[in-house]
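This report describes a structure with attention to fold, domains and chain contacts. The sequence and the coordinates are shown first, and the text then follows.

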Amino acid sequence: MNRREVIKFGALAIALLAVQALTLRGILRPVGQLCLYLSNLFALFMGMYSVRPSKRMDLNFYVLGYLTLFVLFFILARQPLLLALFVILYAALYHVPGAVGYLFIFAFSFALFAPFSLPVFLLASLFYTGIRWLVLRRAGLLAAVCYVLGFLLFAATLLPMLQMGTMTSFQDLTKSISADYVQNAIRLTVVSSSISTAVIVLLGVPLAYVMVRWRFRGRGIADTLIDIPILIPQPVVGIALLTMLGPKTSAGQFLYNYFGVEIAGSVWGICAAQIFVSCPFLIRGAMTAFQAVDERLEYAAQTLGAHPIKAFLTITLPLASKGIFYGCILSWARAVSEFGSLTVIAYKPATAPVLIHDIFTQYGLSEARPVSVLLVVVCLWAFVALRVMRTWSPAGLLTRAALRHYDTNPASEPSLG
Amino acid sequence: MIQIQHLSRAWGSFSLKDICLCAQPREYLVILGPTGCGKTLLLETVAGIHRAYAGTVRIAGEDMANVPPYRRSIGFVYQKSMLFPNLAVAQNIEYGLKMRRVPARERRERVGLLADLLRIRYLLGRGVTSLSGGEMQKVAMARALAIKPDILLLDEPLSPLDQASKDSLLEEIRRLHDQLGTTTLHVTHDHNIARHLADRIALIRDGSLMQVGETAEVFRYPSSDFAAGFVRAPNILLGHAARAENGLVRIDCDGLSLRARSELIGPVGVTIPPEEVHLGLTAASADHLNAFTGDVERVENQGGVATIALRVGHDHLVATIPQTKLTEIMKRGGSKISAEFAPEAVHVFRREAAA
């Protein structure tokens, strides 16, 4: 800064002081006045020093941003001290690419969307990140339109979840997690879903393999039948299972007399319902996975001396494992979330979804919310597993372990002889 | 050694009709045919992946009818290499040995040996997805050879490669076959590959065997117009043959009428090797049997030898002449040249009705 600029800055600072003292007298206490003045002074300094005066547009934007913050916090939210804080942040971050955008999203969501500020801030930041990415890559109008429309759907699913999460205090969570009936319900849900998924894997993977590899008569019908459980309304599943295996049916009595197994109102009934509703997800996942494995890989393994079963176990299954695992996660999540058929076949012992419904009807929204959040947290591991799977596969690790023996240095091996 | 007798099989749009083929020990048999003629099906049937409807396959004298693919001693290399993507290169090569319960030390030795043989030792620790096309095929060859197969089946191993890697792998395959002497069935649609590698060639079309013979024989004496066209025989002329003097036949083609030593009468085709066509500067004399006057259409200089394409009437003749003679012809100017060949140089084959 040369001397002229120092004089100019001084003059503006004094003018600012005068304006603020005159307009805000009586509205703010002196300490507040001082804070606001200092932050304004900082903004002024940054505006003169770091935003180049020669770049008229840039300066205009800077002033526009300041005015926006002023309107948001001073006029709409009536929080002069927050204004002071945001002005300092704004002036400091103005030249960091992208940062100002997040700052403004933060400012907007806290000033205008008071009860939903956190979810709105998170979603809006996500949206902004995407848009910035698209603009920086010059992605074009089509991509932008698709992104905006897709994001609306995305927000519609995510916003309620985030809101539910943020509305629940940590105390509520700990309180509900320490309750016996909540623990029991979540344990029951996780255990029964895992049993169901294991059964589905055991029976569904071979079915998927057969469906993909063999062209047999009636394959089209079988292919449609796989999707039936998705199409049938949930209570109907419960009714059907109860009709088949209920205590008054012959099948139910047979199971009870010879195996001591009661279907209605027991873990077995829960598993039966979960298996019924969640098997299509695994079968479809496994079918897609097997389809992606070239049949000729199996042929090659067979010509090398592998029995078809061995070829399946050493080549096809490892290659399809990722897709099968993906199907497992989906199946498991579907089993966890099953509610409708369970209200018919096994209302007690209650799984978590049934318990949540029960609490909701008896005590209302605020009591049901913590348990719901808890269930979401339990299900999150499935989400994490899905993410991790993209980069990591068990087969890859085994390969690396098996290769320790091979010395790949060309000089170290004796010649052919 | 492998014997295929009266083999028939249909699969999808492909079919094999009554194929009879034999390959002697250490022989390199190339099965040559256009795309979709059932070559891959033939190999897969030999490997036992598809069951034959009729006919037998014998490997080393043993009937393979009830032997599943994993008990046949076969090395199979697919067109797209079909390496196991879940295994690394070394694991791919040792896969067959592992399935045969070869102990780990022996396995490692064998893998090292093959890696050196194919010069792919630097690849052993790599994943197969990072390999180039040529490298993949070499690994696939090593994997197939690791189990010391009685028969090596190659299904167009060279066709997905670019020219440079094609040439190098071609040399590699030749060297391997010279060293190991594994009986090999190699299917391809590329007559150049057949010319370079084959001891014998089996020509196949639409699932039927068209011609089997020594490589040179198939190229010099194709048995049909399909064979002649497919092996790119030079100077193919189509015409009608009738008996003529001195035990010769007269063949009337579009633009010329020539004499050949043959027994065939009726619709025929001929092929004349370009090196047997002699060019002269004077107009053709009438007392020679096959002497024609034509216009020079095109001259291709190939260093040492030149190829000259002549137009005779509506037909074309190609001749190769030494470079020295070419300059002489060019110096004397004039595009009219005479071409002459002996009746014995003309190979006559029967034309198919369908074609």
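Chain A, in this predicted model, has 20 helices and 0 strands. Its C-alpha trace spans about 95 × 80 × 40 Å along the principal axes. The radius of gyration of chain A is 32 Å, whereas a compact globule of 417 residues would have a value near 22 Å. Of the 417 residues in chain A, 28% are buried. Among the contacts in chain A with a separation of 6 or more, 69% join residues that lie 24 or more positions apart.

The contact between the two chains comes next. On the side of chain A, 27 residues are in contact with 31 residues of chain B. Three elements of chain A give two or more residues each to the side that touches chain B, namely helix H15 (295-303), helix H16 (308-337) and helix H20 (394-402). Helix H15 of chain A gives the most, with 7 residues.

Chain B is divided by the domain assignment into domain 1 (2-229) and domain 2 (234-350). The C-alpha centres of these two domains of chain B lie 40 Å apart. Where they meet, domain 1 of chain B takes part with 8 residues and domain 2 of chain B with 8 residues. On the side of domain 1 that touches domain 2, the largest share comes from helix H8 (residues 225-230) of chain B, with 3 residues.

The table sets out the residue classes for one side of each of these contacts.

| Side of the contact | Nonpolar | Polar | Charged |
|---|---|---|---|
| Chain A, touching chain B | 15 residues | 8 residues | 4 residues |
| Domain 1 of chain B, touching domain 2 of chain B | 3 residues | 3 residues | 2 residues |

One residue of chain B may be considered individually. Ala216(B) is found in helix H7 (residues 215-220) of chain B. Is Ala216(B) buried or exposed? Ala216(B) counts as exposed because it has 11 C-beta neighbours inside 10 Å, and the cut-off for an exposed residue is 12 or fewer. Ala216(B) and Ile201(B) are separated by 15 residues in sequence, and their C-alpha atoms are 9.1 Å apart in space.

Methods:
Residues are numbered from 1 along each chain as its sequence is written. Chains are lettered from A and ligands numbered from 1 in the order in which they are written. This is a predicted model: local features need pLDDT of at least 70, side-chain atom pairs count only at pLDDT 80 or more; totals for chains, interfaces and linings use all residues. Helices (H or I, at least four residues) and strands (E, at least two) are DSSP runs, numbered from the N terminus. The radius of gyration is taken over C-alpha atoms; the globule rule is 2.2 Å times the number of residues to the power 0.38. A residue is buried if 20 or more other C-beta atoms lie within 10 Å of its own, exposed if 12 or fewer, and partly exposed in between; C-beta atoms are placed from the backbone. Two residues are in contact if their C-beta atoms, placed from the backbone, lie within 7 Å. Domain bounds come from an automatic or database domain assignment. Ala, Val, Leu, Ile, Met, Phe, Trp, Tyr, Cys and Pro count as nonpolar, Asp, Glu, Lys and Arg as charged, and the others, Gly among them, as polar.
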